[in-house]
Amino acid sequence: MTASHLLVPVPIPDRVAALIGSCIPPHILQAEFDADCAAREVRRFRGPRLGVEDQADREQALSDLARANKVLAAHHPHLAVLPGSPF
């Protein structure tokens, strides 16, 4: 029996990552990249007092994240990226 919280992340060699990436459709890889970037942007705009421009940028990042997650969830429901997740 293994506990998921005790698992240690192990780096994947570049050749293995390339092999895994070659099995995934390009539009899914692009959506995963877009979702990761948008989630990072959403985390960047935190705080109780955001300016009007920062609020607009955060809303745009949330929109981009939702669009990318829609593509990812259509491929597999567990691929969706959350703004607060470490992955």
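This is a short tour of a predicted model, stop by stop, for you to follow in your viewer.

**Before you start**

Residues are numbered from 1 along each chain as its sequence is written, and side-chain values use heavy atoms, with hydrogens and water left out. Because the model is predicted, local features need pLDDT of at least 70 and side-chain atom pairs count only at pLDDT 80 or more, while totals for chains, interfaces and linings use all residues.

**Stop 1: the whole chain**

Show the chain as a cartoon. You should find 3 helices and 0 strands, in the order α-α-α along the sequence. Helices (H or I, at least four residues) and strands (E, at least two) are DSSP runs, numbered from the N terminus. Of the 87 residues in the chain, 17% are buried. Here, buried means under 20% relative accessible area, exposed means over 50%, and partly exposed is in between (1.4 Å probe, protein chains only). Now think about contacts, meaning heavy atoms within 4.5 Å. Among contacts between residues at least 6 apart in sequence, 60% join residues at least 24 apart.

**Stop 2: helix α3**

Select residues 52-75. That's helix α3, with 24 residues. From its first C-alpha to its last it reaches 35 Å, close to the 34 Å expected at 1.5 Å a residue. (The expected span is 1.5 Å times one less than the number of residues.)

Next, color Ala61, Leu65, Ala68, Asn69 and Leu72, which are buried in α3. What do the buried residues of α3 pack against? They pack against α2, residues 26-44. While you look at the spacing, remember that an α-helix has 3.6 residues a turn, so residues three or four places apart point the same way.

Zoom in on Asn69, which lies in helix α3. Asn69 counts as buried because its relative accessibility is 14%. Leaving out residues up to four places away in sequence, Asn69 touches Ala35, Ala80 and Val81.

For contrast, pick two other residues of the helix. Ala74 is in α3 too, but Ala74 is exposed, with a relative accessible area of 69%. Ala74 and Ile28 are 46 residues apart in sequence and 9.6 Å apart in space, C-alpha to C-alpha. Gln55 is also found in α3, and Gln55 is partly exposed at 43%. From Gln55 to Val42 you go 13 residues in sequence and 10.0 Å in space, C-alpha to C-alpha.

**Stop 3: the nonpolar core**

Select Ile28, Ala31, Ala35, Ala38, Ala39, Leu65, Ala68, Leu72 and Val81 and show their side chains. These 9 residues form the largest nonpolar core. A nonpolar core is a set of buried Ala, Val, Leu, Ile, Met, Phe, Trp, Tyr and Cys residues joined through side-chain atoms within 4.5 Å. Which elements give two or more residues to this core? They are α2 and α3, and α2 gives the most, with 5 residues. In soluble globular proteins, nonpolar side chains tend to be buried together.

Click on Ile28, in helix α2. Is Ile28 buried or exposed? Ile28 is buried, with a relative accessible area of 3%. Not counting residues up to four places away in sequence, Ile28 touches Val71, Leu72, His75 and Leu79. The C-alpha atoms of Ile28 and Leu72 are separated by 6.2 Å, although the two are 44 residues apart along the chain.

Then move to Ala39. With residues up to four places away in sequence left out, Ala39 touches Leu65, Val81, Leu82 and Pro83.

**Stop 4: the largest pocket**

Last, select Ile12, Ala17, Ile20, Ile24, Leu29 and Glu32, which line the largest pocket. The elements that give two or more residues to this lining are α1 (14-22) and α2. About 270 Å³ of space lies in the pocket. The lining divides into 5 nonpolar residues, no polar and 1 charged. (Ala, Val, Leu, Ile, Met, Phe, Trp, Tyr, Cys and Pro count as nonpolar, Asp, Glu, Lys and Arg as charged, and the others, Gly among them, as polar.)

How is a pocket found? On a 1 Å grid over the protein atoms alone, a pocket is an open set of points where a 1.4 Å probe fits, with protein on both sides within 12 Å along at least five of seven lines; lining residues have an atom within 4 Å of a point. Grid points are joined across faces, edges and corners, and a volume is the space filled by probe spheres set on the points.

Finish on Ile24, in the loop between α1 and α2. Ile24 is partly exposed, at 27% relative accessible area. The C-alpha atoms of Ile24 and His75 are separated by 9.9 Å, with their places 51 residues apart along the chain.
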